[in-house]
Each structure stands twice: as structure tokens, then as C-alpha cells.
Amino acid sequence: MDDTARCPCLSGDVYGDCCGPLHRGAAAPTAERLMRSRYTAYSLRDAPYLAATWHPSTRPTALEVEAGTRWFRLDILRTERGGPFDDTGVVEFEAHSKTDGEVHVQHEASRFVRDRDRRWLYIDGDVS
């Protein structure tokens, strides 16, 4: 993705100042930033990044991103902890997508934890 394009996570920043550096290996400073970068990875179909940011204890053995799904909006509803000095965090969000002309909304409260290197990782989420 072009670094000067609007970031798919809708943070208001361009990709090169938002999710791009995380996709190239920079650590997310907060659980919300990791969540936004994972949403962007879904929209870009970047399965290796999703796997790399998924905690090994819950990461699936195979990960595929649906090619026919277009992710077009992310709404952060709430965050709980997940800051620069926390070890755990929760990010509740709604992710809007379209598949075969049908609009879907995924409402999830995702849980995150820091690993030994203090990098944020996705653990799991409660989907409603």
C-alpha cells in the first residue's frame, strides 16, 4: 500500500504514519494501535502480519483472509487498559465489511497481552 494513502483503519493518518510502520516490524505502543493495524492487515489481506501479532497459545495453525471480503470501516467503541504501561488490554470495536454485495458488522471485544519483549499480541475476542 502507498504510504501516502489514507490508512484503512480510519485513524485520520496516512498509512506511512499509522499502520505501515507496524506492518514493517515496529512495535505497537498500545493495544488499540495493534488492533487498528490488525484491521488494516485484514483489509490488505496480510495473513503473515495477522499470524505474527496473534499470541501463540491461541493462534490458528492456518490463517486465510477471505479474498472476497472488502473491509471499509472501523469504529472503536471502547478501550480498557492496553496503554504503554499496561500488560493487558481490551479493545471493543465494530468492523464493517461487504461480501458478495451484503454488508456485515462484526462487533467484538478483543483481548490483548504483552509478550516477554513487551510487544502487544492479540489473544482472542468475544464476538457478538
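## Close-up views of a four-stranded sheet and its surroundings

Nine of the 12 residues of strand E2 are buried, so E2 is largely enclosed by the rest of the structure. Buried here means under 20% relative accessible area, exposed means over 50%, and partly exposed lies in between (1.4 Å probe, protein chains only). This is a predicted model, in which local features need pLDDT of at least 70 and side-chain atom pairs count only at pLDDT 80 or more, while totals for chains, interfaces and linings use all residues. Residues are numbered from 1 along each chain as its sequence is written, and side-chain values use heavy atoms, with hydrogens and water left out.

**View 1. The whole sheet is open, with four strands in the order E1-E2-E3-E4**. The pairing is antiparallel. Strand E1 (69-81) and strand E4 (120-127) stand at the edges, and each has a single partner strand, so one side of each is left without a neighbour in the sheet. From one strand to the next, the twist averages 30°. Strands (E, at least two residues) and helices (H or I, at least four) are DSSP runs, numbered from the N terminus. Two strands count as paired if DSSP finds at least two bridges between them. As a reminder for newcomers, strands of a sheet pair through backbone hydrogen bonds, either parallel or antiparallel.

**View 2. E1 and E2 form a hairpin with six residues between the strands**. Look in the turn for Gly82, which has a positive phi of about 80°. The two strands run antiparallel and are joined by 11 bridges. To find your way along the pair, start at Thr79, which stands opposite Val91 in E2.

**View 3. E2 continues into a second hairpin, made with E3**. Two residues separate the strands here, and Asp100 in the turn has a positive phi of about 50°. E2 (88-99) is joined to E3 (residues 102-114) by 12 bridges, and the two run antiparallel. A handy landmark is Gly89, which stands opposite Phe112 in E3.

**View 4. E3 and E4 make a hairpin with five residues between the strands**. Within this hairpin, Arg118 takes a positive phi near 70°. Seven bridges pair E3 and E4 in the antiparallel sense. Two partnerships help you to follow them: Arg114 has Trp120 in E4 as its bridge partner, and Glu108 has Val127 in E4.

**View 5. Helix H2 (residues 31-44) lies across E1, E2, E3 and E4**. H2 runs at about 170° to E1. For this angle, axes are lines fitted to C-alpha atoms, for helices over the stretch in contact (heavy atoms within 4.5 Å). Angles run from 0 to 180 degrees between N-to-C directions. In the loop between H2 and helix H3 (47-52) you will meet Arg45. Although Arg45 is not a glycine, its phi is positive, at about 60°. Arg45 counts as partly exposed because its relative accessibility is 39%.

**View 6. Phe72, Val103 and Val105 form a nonpolar patch on the surface**. Together they have about 240 Å² of accessible area, computed by the Shrake-Rupley method with a 1.4 Å probe, where for residues only the protein chains shown count as cover. Patches are made of residues with over 30% relative accessible area and no salt bridge; nonpolar side chains (Val, Leu, Ile, Met, Phe, Trp, Tyr) are joined within 5 Å, and like charges within 9 Å. A salt bridge is a side-chain nitrogen of Lys or Arg within 4 Å of a carboxyl oxygen of Asp or Glu. Val105 belongs to strand E3 and, at 44% relative accessibility, counts as partly exposed.

**View 7. Leu10 and Gly25 sit on either side of helix H1 (19-23) in the chain**. Leu10 lies in the segment before H1 and has a positive phi of about 65° although it is not a glycine. Its 30% relative accessibility makes Leu10 partly exposed. Gly25 is in the loop between H1 and H2 and is also partly exposed, at 45%. Gly25 and Ala52 are 27 residues apart in sequence, and their C-alpha atoms are 9.8 Å apart in space.

**View 8. Pro56 is found in the loop between H3 and E1**. With 52% relative accessibility, Pro56 counts as exposed. Its C-alpha atom is separated by 8.5 Å from that of Ile123, 67 residues away along the chain.
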